[in-house]
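Got your viewer open and a selection tool ready? Let's take a short walk, one pick at a time.

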Amino acid sequence: MTESGAQLFARLEARRCLKDIEPQLFPEHGGPNHGEVVELYGTEGTGKTELLYHLLCRCVLPVASGGLEVDVVFVDTNYSLDMLRLVSILDSRLNAARSTGSSSDESDEAALHLCLSRLLVVHCSSSSQLVLTLHFLETSLSSRPGLALLAIDSISAFYWLDRCEGGASVTKQEEKLSKCIELLGRLLRDYRITVFATCHAIRRSYNGSSCSDYDRPYLCRPWQRLVTHRLLCSRQEAANNMATTAGSSKEQRRQQVFTVHCTSSGSMTKGYSSSSFYVTDRGVKFI
């Protein structure tokens, strides 16, 4: 059956905007809009994965529990998705909402099952598999207007493998990732989804300098052009950690504090914001 222009417009309009997914992270009214890309960037151990779990939970939780009630596709390229951790966070959020009387009367198990039913997990072990996944994702997007987020952990997982297979040619090294970015661009344009992707920082020297620079982007330029919001994650040093949390609770002072600097250059909003958080058994807690 052929879809009319009016039907197409109605289907795309039904896809949820994630602009309000986490006001603590983004500039005021500057969260990701339809068709935009958020990059979570930083070295290992800077809270990127915990932050991604926090955002995933915000998406799949019911509105009564502080969520957005949207479907999510999670592409796991590192085979590191900790489902027990994710379930634990979801369960804690549902219990917290129930204790305040803001959630529905559903049983704990039923509410948790409903949240997990909104999450589709796909595993990829190479750039070629990621390309195929993005190809076939179009079918899910066509049939599920509630699917609003594509999360990739991480977009840089195959960087060194692709460089090795590409030999001396930079074009060959970036060929598969560039194809992935082309497909992502089409999905963003045609289906108005939002993309969250982690990217692991690497040590690189620039202009012959001996100093290392972790903050500079290194993936291919098509990816850099696609990113509209960049969350630069870092871990505070012990001295700064104590200074930041001097007036906080004992629980906060025992935790490692992470900082996120957000730079937004989306079509609707440009801005900068900074926030800090620590990680508990119940997930991310902003300071």
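What follows is a set of stops in a predicted model, each with something to select and something to look for.

**Stop 1: an acid on a strand.** Select D153, which sits in strand β4, residues 147-153. Which side chain of opposite charge is nearest to it? That's K48, but at 7.2 Å away, and D153 has no salt bridge even though it is buried. Now add T198: its side chain and that of D153 are joined by a polar contact of 2.5 Å. To fill in the rest of the surroundings, skip anything within four places in sequence and show the contacts of D153, including L52, F74, D76, N78 and S80. T49, V75 and T77 belong to that contact list too, as does T198.

**Stop 2: the nonpolar interior.** Next, pick L18, I21, L25, L51, F196, L231 and F277. These have the most contacts inside the largest nonpolar core, a set of 41 residues. Colour helix α2 (residues 48-60) as well, since this helix gives the core eight residues, the most of any contributor. Then zoom in on I21: leaving out residues up to four places away in sequence, I21 touches F26, P32, L55, R58, C59, L68 and F196. Another core lies apart from this one; it has 37 residues, and V37, L130, A201 and L219 are among them.

**Stop 3: a tryptophan on a helix.** Finish with W160 in helix α6, residues 159-166. Buried or exposed? W160 counts as exposed, because its relative accessibility is 53% and the cut-off is over 50%. Draw a C-alpha to C-alpha distance from W160 to Q173: the two are 13 residues apart in sequence and 8.9 Å apart in space.

Conventions
Residues are numbered from 1 along each chain as its sequence is written. This is a predicted model: local features need pLDDT of at least 70, side-chain atom pairs count only at pLDDT 80 or more; totals for chains, interfaces and linings use all residues. Side-chain values use heavy atoms; hydrogens and water are left out. Helices (H or I, at least four residues) and strands (E, at least two) are DSSP runs, numbered from the N terminus. Buried means under 20% relative accessible area, exposed over 50%, partly exposed in between (1.4 Å probe, protein chains only). Lys and Arg count as positive and Asp and Glu as negative; His and the chain ends are not counted. A salt bridge is a side-chain nitrogen of Lys or Arg within 4 Å of a carboxyl oxygen of Asp or Glu. A polar contact is a pair of N or O atoms within 3.5 Å; within protein, one must be able to donate a hydrogen and the other to accept it, and residues adjacent in sequence count only if both atoms are side-chain atoms. Contact means heavy atoms within 4.5 Å. A nonpolar core is a set of buried Ala, Val, Leu, Ile, Met, Phe, Trp, Tyr and Cys residues joined through side-chain atoms within 4.5 Å.
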